[in-house]
Amino acid sequence: MTANTDTALSASLQAVLDGRWADTRKVVRDHIQAAGLVPQSGVPLADYRARMLEAMAAMVPLGFPAQGFSSDDAPGDPGAAITAIETLGYGDLSLMVKAGVQWGLFGGAVENLGTAAHHREYLSGLIDLDVLGCFAMTETGHGSDVQQLETTATYDAATQEFVIDSPTPSARKDYIGGAAEHARYAAVFAQLRTAGPGQDRQGYGVHCFVVPIRDEAGHDLPGVTTSDCGYKGGLPGVDNGRIVFDQVRIPRTSLLNRYADVDPDGTYRSPIESDNRRFFTMLGTLVRGRVTVGASAGAAGRLALTLAVKYALHRRQFEGPGDGGALLLLDYRTHQRRLLPLVARAYAFALAQNAVTAQLHEVQSVPADTVDPDAMRRLESRAAAIKVGHSSLASHAAIEARTACGGAGYMAENRLPLIRDDLDVFTTFEGDNLVLTQLVAKDLLTAYAADVDDLDTVGWVRFAASMARDVALEKTAVRQILQSVLDSSDEAPEDSDLTDPETQLALLTGREDHLVRTVAARLRRATDDDADAFEVFTQTQDHLIKAGQAHIDRLALESFQHAVEELPADSPEREVLATVRDLFVYSTLEDDLGWFLMHRFVSVERAKAIRRGVNDLCERLRPLAEDLVDAFGVPATALDVPMLRP
């Protein structure tokens, strides 16, 4: 492969990556370029926050904030709204988070949990920023365990009001974007308590309420105490704060009541009888925030990789053989290995992100009461998986890009430290990645259990015997689908079965399937032995996490393969994209080579060929490195840093 002398290849690859909402990406890219929306250093906190609020206001005329909401005049375009905020990741992540909180989290809560009256009261104002809001879910004592939040919303039938209260210090709403300064309202998640006529008051689980927290002058309202989180590890333009409620009264109609309501007399009503199912139904409607976080992290990770690759094509270090002068950093194999597999992985997850965005668009483009519950569950699981994979990749890529640029990478003027610091929290908010990986694995087990749930004792014995036989077959290397990759091999990638899409998918699917079956067997044995449930979970947690991670890799590969198959067979971009896919697969296998060897999915000789294959694929893609990162479509202003100037 040779580098193109024009931009034809990078443009073709960008078209693949931009996908369905390419026009939206262009609008936001052009806006980033025109407004110079890049992360800043040395700006006072108050000035940075004010700048981000002004930048948000400048985005309203672009139209995409309104596209996230349905109206009588237009059905909305959820996919475009997500893509727009994703593309802000090429600029300043502080702006992306501010926009995501306002239009994605606060606005999403009002639209998806509220009803027509709430939409009439709030949506127009929150789109054009007349109604500034925040999303008050996390508490000092409860982050991922949302069902155990301590904030209470107790109904007073005498006044037809809810009383919002923080009964303990750990009930304080914490780390809330917008709460320190700009938000006037909060979407508050609290334990609803009420009693109908003649009944004792009881709890009905977590619900969401719109609560005013400041007046027009920015002062806390009576009973509300806000405070500032101050400087964080990154995102200086986001005014994260804390909120404490002391018997704050709000109207009964402030309950976002799409899935539950309280009558004036205190009677609780919901079409969903189970508190547990109601809670997860409500949270499921807020999945857009999780999809957006993964997408935006991915964009920022691609920005970091673009800076690092371009620097490696600019910076020279040590004399080469002959009279060729000092070598470029990217001419060193170690530097290629450092960056190019991450570029390949960035391609994989960008394409997987496009798929989950399209999936969400289809689910949220129909009336909420017509959504297929199975489709919603599939979306929630995939959104969690891709958020984990994309944000983990982005965080790792930012760190590696920073260090790959040496001292230049450590200078704030070159932005890599700012991107790294801003990205760090993306692995935590909208679902901690470790917790989400467990969620993904549990969904796999649930689907798996559905296949075996009706087995009687004899059936389970037969099933266990069958599984043991499958495992034994893996260990003795006679499974037909993987036999070819178990054979000794010295071949280059272009001659290898490992570049066959079916074999690639078989390897990653086989790993996932093996992990799910064996963790299920461990859990089943422990259940049969009447072991302590918590102890069983703790003992198998590492196994569970690995199953979830294997599933995430497999989803990314499927999206990659689909994108390659959609291209014309003889097109240059298909050849290049297939090579990038091969590097993604080879490097994924190499990263977990111990597992594949231990479980006899590959032979020792094949393992050696995988390591050599990563080297060979890096060498083949080296001439195309600039094309590959140019295809990310990073605006020129984001790349205008001293270390890249002649």
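Ala, Val, Leu, Ile, Met, Phe, Trp, Tyr, Cys and Pro count as nonpolar here, Asp, Glu, Lys and Arg as charged, and the others, Gly among them, as polar. What you're looking at is a predicted model, in which local features need pLDDT of at least 70 and side-chain atom pairs count only at pLDDT 80 or more, while totals for chains, interfaces and linings use all residues. Residues are numbered from 1 along each chain as its sequence is written, and side-chain values use heavy atoms, leaving out hydrogens and water.

**View 1. Inside the second largest pocket.** This pocket holds about 700 Å³ of space. R345, H396, D553, T588 and D591 are the closest to its centre, out of 30 lining residues. (On a 1 Å grid over the protein atoms alone, a pocket is an open set of points with protein on both sides within 12 Å along at least five of seven lines, a cavity is a set where a 1.4 Å probe fits but cannot get out, and lining residues have an atom within 4 Å of a point; points join across faces, edges and corners, and volume is the space filled by probe spheres set on them.) Sorted by class, the pocket lining has 12 nonpolar, 8 polar and 10 charged residues. Among the helices that each supply at least two of them are α10 (333–364), α18 (533–565) and α19 (572–591). (Helices, H or I with at least four residues, and strands, E with at least two, are DSSP runs numbered from the N terminus.)

**View 2. The largest cavity.** Here's a closed space of about 80 Å³, and the structure holds 6 cavities of 30 Å³ or more. Its lining includes L53, M56, K98, V101, Q102 and H182. Two elements, α3 (45–59) and α6, give two or more residues each, and α6 has the largest share, with 3. The lining's classes come to 6 nonpolar, 5 polar and 1 charged.

**View 3. The second largest cavity.** About 70 Å³ of space sits in this one. R25, R29, E86, Y90 and R302 are among the residues that line the second largest cavity. This lining splits into 5 nonpolar, 1 polar and 5 charged residues.

**View 4. Helix α13 and its cover.** In α13 (residues 416–424), L416, P417, L418, I419, D422 and L423 are buried (buried is under 20% relative accessible area, exposed over 50%, partly exposed in between, with a 1.4 Å probe and protein chains only). Their cover includes α6 (93–113), α9 (287–312), α11 and α12 (406–410).

**View 5. D263 in its loop.** You'll find D263 between β10 (261–262) and β11 (268–269). Why does D263 count as buried? Because its relative accessibility is 19%. Its side chain makes a polar contact with the side chain of R269 at 2.7 Å (a pair of N or O atoms within 3.5 Å; within protein, one must be able to donate a hydrogen and the other to accept it, and residues adjacent in sequence count only if both atoms are side-chain atoms).

**View 6. Two residues with positive phi.** Most residues other than glycine have a negative phi. Y175, in strand β4 (residues 173–177), has phi near 65 degrees, and at 52% relative accessibility Y175 counts as exposed. R600 lies in the loop between α20 (593–598) and α21 (604–621). Phi of R600 is near 60 degrees, and R600 is partly exposed at 31%.

Note on methods. Contact = heavy atoms within 4.5 Å.
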